[in-house]
Amino acid sequence: MDQTVDNRTATTAAPPMSESEKNAIIGGVLLSMLLAALDQTIVAPALPTIGRALGHAEYLPWIVTGYLLTATAMAPLYGKISDVYGRRPVIYAAVLIFLLGSLVSALAPNMLVLVIGRAIQGAGGGGLFALTQTVIGDLVPPRERARYAAWIAGTWAVASVAGPLLGGTFAEHLHWSLIFWINLPLGFLAMAIINNPLKKLPIAAKHHRIDGLGAALLVIATALLLLALNWGGSSYPWLSAEILGLVACSAVFWALFAVRLLRAAEPLVSLEVLSNPIVLAGTLSMFLLQAASIGISVYLPVYLQAVVGLSVSESGTAMLGLLLGTVAGATFSGRTIPRFVHYKRIAMFGIAFAILCIGALSAIAGHASLLEVEVLTTLIGLGTGTTFPVSTVSVQNAVDRAHLGVATGVLTFLRSLGGALGVAMLGAVALGYGLPLAAEGSLTRIEVTSVTPFVMIFVTAGITLVLALIALALMPEKPLRGQAEHAAPVLSE
């Protein structure tokens, strides 16, 4: 009986919060998220320099993979933990873990220590990704929340552009360790900004337990799957014993995790949340959309270099169209959602428009000019960008405050996993059609004799967007709650 009461504990009372305090919290958590996002992009340009400095260059991919593994696997855990213990201590823990990893990485005397430091960074960074959206969900009712999704999209765009520029500048003109040292003052600044205002955030659930066994099973299953996706087609053939073994082991642990969800007294991810049709369809659409979007962003520079004839730096600059289009799409969607009763249609029209544009790109891929590619990729970003606010707000609007962290963590987890799957999927298509790629999935002085691999990459991404559109179409639509209904439980239809 007590457990039932605990599970339905109402949101604890909290002192009123001013608009300036809300803005301070949102600015602070976005700064924290920027740090985590930067560390996904800032390292790549410095890898050759790090390899020369520390040796054992064959392990350089693990600097990227180590961060990706822990960041993706830990995201859903932070959501549950913050639902139980409150946002403030959990955000502080995530920032401190991230800064500890930065310190270890900056002081690394060899490659092994650097990889360990990056894995520690990822363990904190995964929490920052999930908790930023969760905290915004705490502060702003769903009807007004969509406009903040544009801020999140803008944060990712800044990281995508500034990361490679900073990483290359630090490595070439200063020292590679500054890539990690810079995190320390920025991280402490973020903590100082959000310290006092975060004390006013309520704790939505009390006296709950964290399912440690379920958490361990989830982390292991995710890590094995990501290793298979990262190594498949590069370090090992897709049908090799190593990759098939990783996939099989991952499937076993996923099955064990599913059993644990059914049998645990209080599972890591609430079955009430997982069975919600809005959560299911919303997270699936985001998973598929991110698979297409990240896959395109990885292989578009390859196309620009191999077919359009741009240099490495020029292809990076040409990516601005896709990035800015995504931010513009998210901004438009976020500002428009409160004005529409059927707000889901904004994203549906956006994805349909992106499908048409990527179809046009695949049709002219063999003879497209740089201007045509820029226009089409900008429009693709504009279309896909509309989905991020719609999916996030729909999922958060479908659950009560006590499950907000879990639902947002699941969305963040599947978004990251979708990106990893998209890169692996389009990489397999590229290799299958004869495009030779380097171990890290990038082009290195490769001459292509046919544009067919790129056409098939674009077609595959388009088909993935069609599936995302179908998932979104199947998602039920629920009226967005306003300020008065902010704490009302609306988990079931």
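**Exercises: cores and helix pairs**

In this predicted model, Ile-457 touches Tyr-299, Leu-426, Val-429 and Ala-430, leaving aside residues up to four places away in sequence.

**Exercise 1.** Work out which residues have the most contacts inside the largest nonpolar core, and which helix gives the core its largest share.

*Solution.* Start with Ile-457, since you've just met its neighbours. Along with Tyr-303 and Phe-458, Ile-457 has the most contacts inside this core of 80 residues. Next, look for the main contributor: helix H13 (residues 277–308) supplies the largest share, 14 residues. Finally, scan elsewhere: another core, of 32 residues, lies apart from it, and includes Ala-37, Tyr-78, Leu-139 and Met-191.

**Exercise 2.** Classify how helix H5 (residues 87–106) runs against H6.

*Solution.* Take the angle and distance to begin with: the axes cross at roughly 155° and come within 7 Å. Angles over 145 degrees count as roughly antiparallel, so H5 is roughly antiparallel to H6. Then add the hand, which is left-handed. As for chemistry, the contact of H5 with H6 has 15 nonpolar, 9 polar and 3 charged residues.

**Exercise 3.** Now do likewise for helix H6 (residues 111–139) and helix H19 (residues 404–432).

*Solution.* Here the angle is about 140°, and the axes sit 9 Å apart. That makes H6 oblique to H19. Their crossing is right-handed. On to the residues: Phe-129, Ala-130, Gln-133, Thr-134, Gly-137 and Asp-138 in H6 meet Leu-404, Gly-405, Thr-408, Gly-409 and Thr-412 in H19. Sort them by class and you get 3 nonpolar, 7 polar and 1 charged.

Technical notes. Residues numbered from 1 in each chain as written. Predicted model: local features only at pLDDT ≥ 70, side-chain atom pairs only at ≥ 80, totals over all residues. Heavy atoms only, no water. Axes fitted to C-alpha atoms, helices over the stretch in contact; angles between N-to-C directions. Helix = DSSP H or I, 4+ residues; strand = E, 2+ residues; numbered from the N terminus. Parallel < 35°, antiparallel > 145°, perpendicular 65-115°, else oblique. Left-handed = near helix turned anticlockwise from the far one by under 90°. Contact = heavy atoms within 4.5 Å. Nonpolar A, V, L, I, M, F, W, Y, C, P; charged D, E, K, R; others polar. Core = buried A, V, L, I, M, F, W, Y, C linked by side-chain atoms within 4.5 Å. Buried < 20%, exposed > 50% of the residue type's maximum accessible area, 1.4 Å probe, protein only.
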